[in-house]
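Trainee: Could we go through this structure together, one question at a time?
Mentor: Gladly, let's have a look.

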Amino acid sequence: MKTIYFDNNATTKVAEEVLKEMKPFFCDLYGNPSSMHTFGGQISRKIRNAREQVANLLSCDPAEIIFTSCGTESDNAAIKGTLAAAPKKRKVITTRVEHPAVLSVCRDLENHGYTVIELGVDKKGNLDLDQLEEQIDDDTALVTIMYANNETGVIFPVEKIAELVKSKGTIFHTDAVQAVGKIPLNLSKSNIDLLSLSGHKLHAPKGVGALYVRKGTRLHPFMVGGHQEAGKRAGTENVPGIVGLGKACQLAAKNIKEENERVKYLRDKLENAILRKCPDCILNGDKKNRLPNTANISFKYIEGEAILLMLDKYGICASSGSACTSGSLEPSHVLRAMGVPFTAAHGSIRFSLSRYNTEKEVDYTIEKMPQIVKKLRKLSPFVEKG
Amino acid sequence: MWEYTDKVKEHFFNPHNVGEIEHPDGVGEVGSLACGDALRLTFKLDENGKIKDAKFKTFGCASAIATSSVLTDMLKGLTIDEAAKITNKDIADYLGGLPEQKMHCSVMGREALEAAIENYRSGGRKKRELEGTVVCTCFGVTENEIERVIRENNLTTVEQVTNYCKAGGGCGGCQGEIEKILEKIQGDKAGKVLETAPRWAGRLTNIQKIQLIQQTINEQIRPALRAHGGNIELIDVEGDKVIVAFRGMCAQCMLAEFTMKDVVEAKLREFVSDEISVEEDEDSAQQPHNHRA
């Protein structure tokens, strides 16, 4: 059975071109870039090249890119590093819909004497900027707000937020793990101070990420040890991963426009057909202001894990905000923050596409989805006549 | 991905006995949409008092559906007394086992069966009511129910209790109580989960007391409020008077007063001192919309 992969916000396929670029760095060019000999030293040029490729995608200076091991590390480094560099300030502002890589870090800060403000969102998942403005004061060390939401794809007005935060003299970090490679970014014209990205969300391998640190931003190193990454992130470089991330960014920069138009067309086709063919389902998030690849739909009266397993039988991979799939007993914190009723949150399914998806795959899913919903609703005690 | 047995998958993809019996002899309904799973079980007896037919309708994950399906199979041909002896373990065993975190599905099956039998015995009138005090308010689980899953499945940790009946899996505020129930039943076997839970040990200096109050707020109170989008901040301590401010959802919550007495004050009395009284900070009480969102 062929796998239809609609879970690209969880992770993506490594692009063949990326893998090809990485291969020599395992058995042939395995030297340590910090070494004095030519064999190791030549690797540092490759890393410089990758840094330029990442910087090019973000339109920033290569010196502003620090390679890390993942998006979570970038988030931790940005948040904890900023606070450590401004020890007198004790307030952090974030949102209720952040990824756990930010939210859990912030909640942990509360136990260390920090005041953490979690801004709410409206029904469509949008922020109230007035509320943010009200909250920023002299004691605020950091504002950390995601670029685009991993569950709903909703895009926050990050440029506006960055401008607002800057006008108040505070540092702004954004977790852009879901945005990089999907929508164009231009950091040279932006007031963002820190930005996290992750390799495996844009067709690079797992185990590599990056943190953009605007020049002049004070950041205490998170990983301490050797002098790698200009002393900002110790640890021997993950050379194949970094080279892969560079290549993936180069590919993304080259193709972002046309690919995302195609991905958006497929997403819209899938989403519209499902909403039309399946009764009692709701689109979660802001229909207009969204990533081009993400669709989050709640199917009333049925439960997400059951839907996923039925999809799985047809080789279709998606994900759910239901309690049963989260490993906890409560449904998605993002959907709950948006006021999606528990009942609809339990039956939410996220389809996230990539450039590797085809129209045939979309058509196949459009054909199967209504059958699955019908079958499960027949079992549901909340549907009177199944 | 959950590791389900072939039997679970078989019953999930092709469930038996789906539907509702018209004019049933017994009806059992448990769970709710909000809880993430719900089951309506109906059965009919033959002239000899044996279960002739049983049907189900279930909202829930794969294991909830498989559990319901297999339960209706098991029931057929049993007398009411025989059916009443079925435990959640029997149901899980019949499926070749369930993942530990999914054991609550088998408990839901047994609960629905019990409710249906009760409904039959009372001549179709009695609806199932919660017996005993509610321990877990997030999922509406009573002390009786928790005691029962502990006994029937020989559970020793809070995590297991959560896996089996969901209690403690929401805000986590009742985990201390579950631990006490475990200790009562299992004695020394009960695994200690909250090793670091602060305990009052003799006279405290002022600084120790304030630290203990802060620790209790961090570990015992905030997680419960957080689960509902709220938050709390310690403003000041004057002797035994603790002044706090509610934030987030709590700030606008109609039940804030209730939370203050039943959660904040109760926890501080439990972990710090019986003399503690709690008050809300004046500024925070007066400016509900100036709070964090």
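**Two domains and a helix**

Mentor: Keep in mind that this is a predicted model. In it, the C-alpha centres of domain 1 of chain A and domain 2 of chain A lie 28 Å apart.

Trainee: How many residues does each domain of chain A bring to the contact?

Mentor: Domain 1 of chain A is made of 4–11 + 256–379, while domain 2 covers 16–252. Where they touch, domain 1 of chain A gives 26 residues and domain 2 of chain A gives 32 residues.

Trainee: Which three residues supply 24% of the area that domain 1 of chain A buries against domain 2 of chain A?

Mentor: The area buried between domain 1 and domain 2 of chain A is about 2500 Å², with 51% from carbon and sulfur atoms. On the domain 1 side, no other three residues supply more than Ile256(A), Leu291(A) and Met338(A).

Trainee: How many residue pairs are in polar contact across that interface?

Mentor: Salt bridges don't help here, as the rule finds zero between domain 1 of chain A and domain 2 of chain A. For polar contacts across this interface, the count of residue pairs is 18.

Trainee: Turning to chain B, why is α5(B) described as largely enclosed?

Mentor: Helix α5 of chain B runs over residues 103–121 and reaches 27 Å from its first C-alpha to its last, close to the 27 Å expected. Gly123(B), with a positive phi near 75 degrees, follows α5(B). The helix is largely enclosed by the rest of the structure because, of its 19 residues, the number buried is 15.

Conventions:
Residues numbered from 1 in each chain as written. Chains lettered and ligands numbered in written order. Predicted model: local features only at pLDDT ≥ 70, side-chain atom pairs only at ≥ 80, totals over all residues. Heavy atoms only, no water. Helix = DSSP H or I, 4+ residues; strand = E, 2+ residues; numbered from the N terminus. Expected span 1.5 Å × (residues − 1). Buried < 20%, exposed > 50% of the residue type's maximum accessible area, 1.4 Å probe, protein only. Domains from an automatic or database assignment. Contact = heavy atoms within 4.5 Å. Buried area = accessible area lost by both parts, 1.4 Å probe. Salt bridge = Lys/Arg side-chain N within 4 Å of Asp/Glu carboxyl O. Polar contact = N/O pair within 3.5 Å; in protein donor to acceptor, adjacent residues only side chain to side chain.
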